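These are my notebook entries on how the parts of one chain are packed together. I set down each point in the order in which I looked it up.

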Amino acid sequence: MTDLVHDSGAMFGRHLRRIKHAPAIPIMTQTMSIVFLLFFGYVFGSALAMPGSDYRAFLVPGMLVATAANGIMTGMFTAAQDSHRGVMDRLRTLPISRAAVPFGQAVADLATTAAGLVPLMLVGLAMGWRIEGGVLEAVGAFGLLLLFRFASTWIGILLGLVSRSEEAAGQLGGATFMLPLLSNAYLPTEGLPGWLRTVAEWNPISAVATAVRDLCGNAPVPADAAWPVAHPVAGSIAWSLVLLALCVPLAVRRCTRGDR
């Protein structure tokens, strides 16, 4: 365990230096989130009327969760890049814990995301979004965002190690932008057809977005929704833990054995 912590710290530092020298992906994902927030907030916000809540107050938590879900894209591209360029093969020859490589990447991504969410929140505040709940609820909402980002990053790491191709990771990463569209991140699910509403409400993004809205006091919890959305905090934690339980051991195994 001591070796894992020490080696993970070394990999954490490696990824922070990597982000410092090649910040294009983190900057792009954060900038796109702000652009989408402004676009949806001012284009759709002036046209949508939501009973009991303001659309921009509804949108900002959804956009925060969509940004957390982008960990799939960043984790996938970084892991695929290391595999494609032979970095993973070189790391396997070193006397370090194999699990430390993906753990270091995931924790470094978590740290940069925690800082990167702040500008998005500030833009949301400038647009009129407010945290109506208490301090503990707000801290809990931020904690759920980071937990979901951590789980999303592990999904991306696993997919990147499997693909071993920067081109494939780029194409799959672009497809992940569709995931928030199949959720309640941008729009409520009440008006969707029955089957599509079911798909959207069982999307993990919907549970986390509803939990953040509930904890921040921005929108009520739908009473007739699927279980993860009707119990959003429990649903968010459950989804995140299930995703971690599935992806962490598979990613560590893949990182350890390579193509075998």
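**Entry 1: the nonpolar core.** I began with the largest nonpolar core of this predicted model. I found that 61 residues belong to this core, and that Leu 64, Val 65, Phe 148, Trp 154 and Tyr 186 touch the most other members. I then looked up which helices contribute to the core. At least two residues each come from helix H2 (24-44), helix H3 (55-69), helix H4 (71-84), helix H5 (87-92), H6, H7, helix H10 (204-216) and H12. H7 gives the largest share, twelve residues. I noted a general point beside this: in soluble globular proteins, nonpolar side chains tend to be buried together.

**Entry 2: Phe 148.** I next asked which residues are in contact with Phe 148, leaving aside its neighbours within four places in sequence. I listed Val 65, Ala 68, Ala 69, Pro 204, Ile 205, Val 208, Ser 240 and Leu 243.

**Entry 3: H6 against H7.** I looked up how H6 packs on helix H7 (residues 135-163) and found an angle of about 135°, with the axes 9 Å apart. Angles over 145 degrees would count as roughly antiparallel and those from 65 to 115 as roughly perpendicular, so H6 and H7 are oblique to each other. I recorded their crossing as right-handed. On the H6 side, the residues that meet H7 include Phe 103, Leu 110, Leu 117 and Met 121. On the H7 side, those that meet H6 include Phe 142, Arg 149, Trp 154 and Ile 157. I sorted this contact by class and obtained 14 nonpolar, three polar and two charged residues.

**Entry 4: H6 against H12.** I turned to helix H6 (residues 100-126) and helix H12 (residues 232-257), which pack at an angle of about 125° with their axes 8 Å apart. That angle makes H6 oblique to H12. Val 101, Pro 102 and Phe 103 of H6 make the contact with Val 248, Val 252 and Cys 255 of H12. By class, I entered six nonpolar residues here, with no polar and no charged ones.

**Entry 5: Thr 176.** Last, I looked up Thr 176, which lies in the loop between helix H8 (166-175) and helix H9 (194-201). Is Thr 176 buried or exposed? Its relative accessibility is 11%, and buried means under 20%, so I entered Thr 176 as buried. Leaving aside neighbours within four places in sequence, I found Thr 176 in contact with Ile 72 and Met 73.

Notes. Residues are numbered from 1 along each chain as its sequence is written. This is a predicted model: local features need pLDDT of at least 70, side-chain atom pairs count only at pLDDT 80 or more; totals for chains, interfaces and linings use all residues. Side-chain values use heavy atoms; hydrogens and water are left out. Axes are lines fitted to C-alpha atoms, for helices over the stretch in contact, and angles run from 0 to 180 degrees between N-to-C directions. Helices (H or I, at least four residues) and strands (E, at least two) are DSSP runs, numbered from the N terminus. Angles under 35 degrees count as roughly parallel, over 145 as roughly antiparallel, 65 to 115 as roughly perpendicular and the rest as oblique. Contact means heavy atoms within 4.5 Å. Ala, Val, Leu, Ile, Met, Phe, Trp, Tyr, Cys and Pro count as nonpolar, Asp, Glu, Lys and Arg as charged, and the others, Gly among them, as polar. A crossing is left-handed if the near helix is turned anticlockwise from the far one by less than a right angle, and right-handed if clockwise. A nonpolar core is a set of buried Ala, Val, Leu, Ile, Met, Phe, Trp, Tyr and Cys residues joined through side-chain atoms within 4.5 Å. Buried means under 20% relative accessible area, exposed over 50%, partly exposed in between (1.4 Å probe, protein chains only).
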